[in-house]
Amino acid sequence: MMDCHDRPLSRLMLGTVQFGMPYGVANRTGQPEYRDVLAIVAAAVEGGVNGFDTAAAYGTSEEVLGRALHELNVADQVVVVTKVRALAAAELADRAVASRAIRQSVADSRRRLQLDCLPVVLFHREADAAYLNVLEELRDQGWLRQAGVSCDNRPGPAAQFVAAGSVSALQLPGNVLDRRHQRSGVFRDAAACGVAVFIRSVYLQGLLVMPEDDIPAALRDVIPVRRTLAEIAGQAGMNLAELALRYMLSQDGVAGVLTGVETIAQVRENLAMFARGPLAGDLLSAIESLQQLIV
């Protein structure tokens, strides 16, 4: 389990992209007002959550989160994971220009989050990780504690980062329908090397939990397998959202699972599901034996 600020990171983490912009195919309430953000963060911390994920690219998320953490007087009790803004092609092509852009992005995140030392800073894109040495320099200067990369669905690059020993943290997409990283063994290998793995997209941006009739036409191929998973969940006495969350919490080598929320009710629902712990072995076997899984 990853340790930042000399404390263990909660396995349930709060994704905060919704604090700065409307996000997700299942979003029906839009961007929450600040008073609602304050209540969401307070409920999460009270429930034992100390990990918060944001990024320079998430609209006003960093400013809103930083303000909330300080008004609640919990900024020194939590682990904030943020991300460097994506480098433009011209920046990526020139090492000196890239270095300045990365430094400025991290400086801006420190200001917006009101944190002198950022617990975890990731590159938002794999391509930009060619400049991991810049984050290492900023770590040595006390600007951040841990450096890493937010990866896409392809397992190869994540495995390479772990093998190279160049990162302390990775954020990876994963859920009950997309098990590519899980199958690659990178969770296990990362844990063995002391690399923290944070899982995002546990609900496929809400696709796994939104009403079936609301699923966009372009995504309706997911319906048959979703129905099968919902049946498995129902037989086990839970809904599909709980199955999806607890499935990822059941994976060895996962330091934290991100869930984004728009309401305090969603925070409380996630906390209640998390409190029930990993899925039983026979339920995991039933899920993983399905041949309908997308990938």
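This briefing covers the cavity, nonpolar cores, strand pairing and several individual residues of the structure above. The model is a predicted one. A search of the whole structure finds one cavity of 30 Å³ or more, and the largest nonpolar core holds 86 residues. Strand S10 (residues 256–260) is largely enclosed by the rest of the structure, because four of its five residues are buried.

**The cavity**

- The largest cavity contains about 50 Å³ of space, and its lining consists of Leu 12, Met 13, Leu 14, Ala 44, Val 49, Thr 259, Val 261, Val 267, Asn 270 and Leu 271.
- Sorted by class, that lining has eight nonpolar residues and two polar ones, with no charged residues.
- Two elements, strand S3 (12–15) and helix H12 (264–275), each contribute at least two residues to the lining of the largest cavity.

**Nonpolar cores**

- Within the 86 residues of the largest nonpolar core, Leu 135 and Leu 170 are the members that touch the most other members, and helix H11 (residues 240–249) provides the largest share of this core, with eight residues.
- A second core, separate from that one, is made of 11 residues, among them Leu 9, Met 13, Val 120 and Phe 198; Met 13 is also one of the residues that line the largest cavity.
- Leaving aside residues up to four places away in sequence, Leu 170 touches Val 149, Cys 151, Ala 158, Phe 161, Val 162, Val 195, Ala 196, Val 197 and Phe 198.

**Strand S10 and its partners**

- Strands S3 and S10 pair in the parallel sense over four bridges, and within this arrangement Leu 12 has Val 257 of S10 as its bridge partner.
- Strand S9 (residues 196–200) also runs parallel to S10, to which two bridges join it, and Phe 198 stands opposite Gly 256 in S10.

**Residues with positive phi**

- Most residues other than glycine have a negative phi, which is the background for the next two entries.
- Asn 73, although not a glycine, has a positive phi of about 60°; this residue lies in the loop between helix H3 (61–71) and strand S5 (79–84), and Asn 73 counts as exposed because its relative accessibility is 60%, where exposed means over 50%.
- Ser 201 is likewise not a glycine and has a positive phi of about 65°; Ser 201 is placed in the loop between S9 and H10, and its relative accessible area of 24% makes this residue partly exposed.

**Two helix residues**

- Val 106 lies in helix H5 (residues 95–113) and has a relative accessible area of 2%, so it counts as buried, the cut-off for which is under 20%.
- Beyond residues up to four places away in sequence, Val 106 touches Val 84, Leu 118, Val 121, Leu 135, Leu 138, Trp 143 and Leu 144; one of these, Leu 118, is 12 residues from Val 106 in sequence and 8.5 Å from it in space, C-alpha to C-alpha.
- Another of the residues touched by Val 106 is Leu 135, which is itself one of the two residues that touch the most other members of the largest nonpolar core.
- Gly 234 is found in helix H10 (residues 223–235), and at 46% relative accessibility Gly 234 counts as partly exposed.
- Gly 234 and Leu 38 are separated by 196 residues in sequence and by 34 Å in space, C-alpha to C-alpha.

Terms used. Residues are numbered from 1 along each chain as its sequence is written. This is a predicted model: local features need pLDDT of at least 70, side-chain atom pairs count only at pLDDT 80 or more; totals for chains, interfaces and linings use all residues. Side-chain values use heavy atoms; hydrogens and water are left out. On a 1 Å grid over the protein atoms alone, a cavity is a set of points where a 1.4 Å probe fits but cannot get out, and a pocket is an open set with protein on both sides within 12 Å along at least five of seven lines; lining residues have an atom within 4 Å of a point. Grid points are joined across faces, edges and corners, and a volume is the space filled by probe spheres set on the points. Ala, Val, Leu, Ile, Met, Phe, Trp, Tyr, Cys and Pro count as nonpolar, Asp, Glu, Lys and Arg as charged, and the others, Gly among them, as polar. A nonpolar core is a set of buried Ala, Val, Leu, Ile, Met, Phe, Trp, Tyr and Cys residues joined through side-chain atoms within 4.5 Å. Buried means under 20% relative accessible area, exposed over 50%, partly exposed in between (1.4 Å probe, protein chains only). Contact means heavy atoms within 4.5 Å. Two strands pair if DSSP finds at least two bridges between them.
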